[in-house]
Every structure is written in C-alpha cells, then in structure tokens.
Amino acid sequence: MKKITTLLLTVTMLFSLAGCGGIEPASDAETLVYGSGDYTRINPAMDEHGEINILLFNGLTAHDGANQVVPCLAKSWTFDESTYTYTFELEENVTWHDGAPFTAEDVKFTIEAIMDPENDSENAPNYEDVQEITVFDEHTISFQLAAPNVAFLDYMTMSVLPKHLLEGENMQESDFFRSPVGTGPYQLESWEEGQAITLVKNEDYFKGEPNIDRIVFKIVTEDTMKALQMSSGELDLALLTPKDAESFVGDEKHVVYHMMTSDYRGILFNFQNEYWTENKDIIPAICYGLDRQAILDTVVLGHGIVAYGPLQRNIYNNENIEQYAYDPEKAMQILEDAGCTMGENGFYERNGKEIGFVISVGAGDQVRLDMAQAAAQQLQEIGINCRVEVPTQVDWNGQMAYLIGWGSPFDADDHTYKVFGTEKGANYSGYSNADVDKYLTEARQTDDGEKRKEAYNKFQEALANDPAFAFICYVDADYVADARVKGIDPNTVMGHHGVGIFWNVTEWTMEE
C-alpha cells in the first residue's frame, strides 16, 4: 500500500485551508497574491498534483490552453513504431535556477527516480512501460517502451528535477523539496511555514521573462477566509466554493471565472476493509440510493454535472453504461434481494449485523464534507446507516470509504489506468477487476481511435457493473480574480482539484 503521507500531502496541499496573517494586502501592481492551500513539500515526482509545480518546473512537454501536448524542454521528438522508442531533442542553453545547465541526465534521473519502487511514487504507473532510457548527448535522450503507450507524451509533462541537487538524496524526505530549484518561469524566494511561499520571476527563463514580478502563494486554510480576503483585497486570485464565488458576481472590482473541469467526486469503497468483503453486493444499492442532482444543486449550486463514470468529459465517454439514476425503491429491493431485513431502528440488517458504513472526509474541504453529509442522509433514508467522519489522519488501509476526487482533462489513460488498475500507484481503494485491467491496457497500447473507443467503452461497462466508486458529480471551478489581473484563459478545462489555471502565467499582466 502506498505511503499514507503521499496522499495526505496531496489532500493537504490542495484542499486544506486555514486563515493566517503575515502578508500585506495585495496592493503591489507587480505582485500577484494567490489564495493557496498549505504545502508540506513541493515534490512533483512523488506527488500527483500541486498548482505551484508549473511555476517552478518544466517537463519535456507541456499542455496548451486546449490541453493538447506541445513542446517545452524538448523542442522536438520522433517515435520509432518498430521499437516503440521516443527520441527527444532538448532545448539548449536552459539553466536551473541556481545557474547549473539543464541536460538529458536530469531527465533520465527524474524518470528513473519515479520508476524506482523504493521511492513509492504514485506517478510510477505512467512509466511502467519504459524498458530503457538512453542518453546520447547532453541534449538528446530516448525512451524505449515495452509496448505502445499513446499517453506517453502527456506523461512527459512531468516536472524534471535537477540531478546535481538530488542524486543520492531520499526522494521522499530530502530537504530539497522545501527549497526546490527548477527551470520554470518563477523561482523560490522564501517559504514562511504556514504563511506564504513567495516566488520571484526567472529573468533568464528560456521561453521568455514573465510579466508579473512576484507571485505569493498565501496560505489560507478555510474556504470562508479565502472569500473574505478576496473581498478585502488581500488576495488577487483564489479558487472559491460556488456559494462564495456567487457573492462576487457583478462586482466591478472582481472577475468570476466559471471554468469547466474534468474533476469528479465520488464515494471510494475501501476493499481492503473486510466490511466490503462481506457486503460488496450492496454497492449497487448505494449507487441507486444517491440523489446526485440534489447534491449537485444544493452543495455546488449546479456548477457541474451529475457523474456516472470517470470519462464523462473525455472524447471516449460511454454514456450507454448503467448510470445508476436515483431510484430508492430499486436500491431497497437490491438490499432485500441480498437477504437484508429491516431492523427495529430503521436500518437494514444481515446476518445479525446492521448495514451501514462510515465515509471519511479530508480535513478542510467544506464542499466534500457537505457532499458526504448529504449522501449519508440520503442513504439513511433507504435504510443504510451511513455516517461521516473527518479523521485527523486518513487511514487508507483501515477506513471504510472516502469522499474521493479524481479527473483529468488530458489523455483518457490519465486517472484511469493508475486509479482503477490492480495494484497501481493511485489505486487507493484496493480495487481489482480483471476485465478493467484488460481493457485499460488495450486502450493505452493502441493509437487507433476506434480500437481505443471500443476498449474504453468496455472498460466503462466493466467498471459500472462492478463499481469501485459511487460517483456523485463533476465540480466546475469557480476562480475569482482581481479585475486588474489580465490574461487568464477562461476556456481551458481544469484538471483534478481545479488545477491548471497557471498554464499561461508568463503572459499574465496586472494593470496599475
């Protein structure tokens, strides 16, 4: 099982919010203050997401505003279909923030570190097909794969790390990840723990000097506090809850960006918990017992869509699968067909045990908490004694269920193969289904669009017939910005946790 700290970091980093001071109001026209969750480290190789990563680091490739792959540290590449080999020609005269030259050795070091099972990276499944990495010279490198992986160029957006600063270091615990050095458009100036991470522009950035001099990631650990600080002018940009964002609509001092995401929420069932060994057959009842539209409308004001699978905002979505439309009578019938009988306290029982479970929610995310509580109430109404808890530490092995969030606007392989594949790096539920594994593998190994479509159709059918999650809804991102901030692309589809708004940050400006 993956290290608990890895996922805790992601949750803390992206969703844990608590108000704090120490930063002057955002009055400097050349400084942008962003309301951020807290970071315990900045480690893109080991951890899935972090909005700050794209400011500090670069990958060989990048995603543009349409989420298509474009060159970055690699200026070009070729693919040999006979050997499944990608060869990248790298940009020359790129330097790390400490002045050291960037080379192909840095790329090799980074990917090998991710692939090393000792490092326990949740990104490792993205590179499991890599058989051999060859450095030809300082600016040429190749990756030979064991089989085709059409998402490989997407995965080469991975931030490259400096070999000269990390070789021999512990990739989970090195001090480097509290003082990171990258090649990106901004570099670390200071880190006040629990207060702010301040970045200053990289004047030598190989793609051109950014316009905004300084970006402050101000740590604000509660949703309501972010909204208050946006209103007071202490923040220039923040991702707010839909309810908080609504208060800024029509305010001439602010711009509200309602941005589409591929970011879904659902109830993850922990199959490592023996409860689901005994009660896996009631999961369809749970799925039918959720009024997703009511949760969407109440919790996020309809800013999103009802969810039934992981690819609804992908070209390979299969809308013909079982969508588990709200049907409480059918849910109760499934429970009774499974041998459950209604107990005196209003909850079903089976073999002398009450039917019920606990949904765990990560601390600091009010939207997830509200969703979990709404779902629990709905399930209680059909006779399942569902409760919600917010543990101080998430126990991925022991918990019964978790209000999970995943989603990718990129290739369909992303956030499917490693989330639902047996024993893959981000499969935190312990889910395993041979057909799911088969079809996900088939889909990543062909670049034939029709064959991929067929494989993903079958994957989604298999997953719907044997649910790993009870999907709830896709949650769109509501960013609020000071009207002085120009250049934000409102049409880009955001990713997991709404990440992605900084994709073109070098073009942003702040008006006087």
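Is Y84 buried, partly exposed or exposed? Hi everyone, let's start there. Y84 is partly exposed, with a relative accessible area of 29%; buried means under 20%, exposed over 50%, and partly exposed in between, using a 1.4 Å probe and protein chains only.

A quick word on the model. It is a predicted one, where local features need pLDDT of at least 70, side-chain atom pairs count only at pLDDT 80 or more, and totals for chains, interfaces and linings use all residues. Residues are numbered from 1 along each chain as its sequence is written, and side-chain values use heavy atoms, leaving out hydrogens and water.

Back to the backbone. Most residues other than glycine have a negative phi. Y84, however, has a positive phi, near 55°, and N67 has one near 65°. N67 is buried, at 11% relative accessible area.

Now the interior. The largest nonpolar core (buried Ala, Val, Leu, Ile, Met, Phe, Trp, Tyr and Cys residues joined through side-chain atoms within 4.5 Å) has 73 residues. Among those with the most contacts inside it are I267, W276 and F469. A second, separate core has 66 residues, including Y39 and L145.

Finally, how many disulfides does a search of the whole structure find? Zero, taking a disulfide as a pair of cysteine sulfur atoms within 2.5 Å. Take C386: its sulfur is 12 Å from the closest cysteine sulfur, in C287, so that is too far for a bond. C386 is also buried, at 0% relative accessibility, and C72 is buried at 5%.
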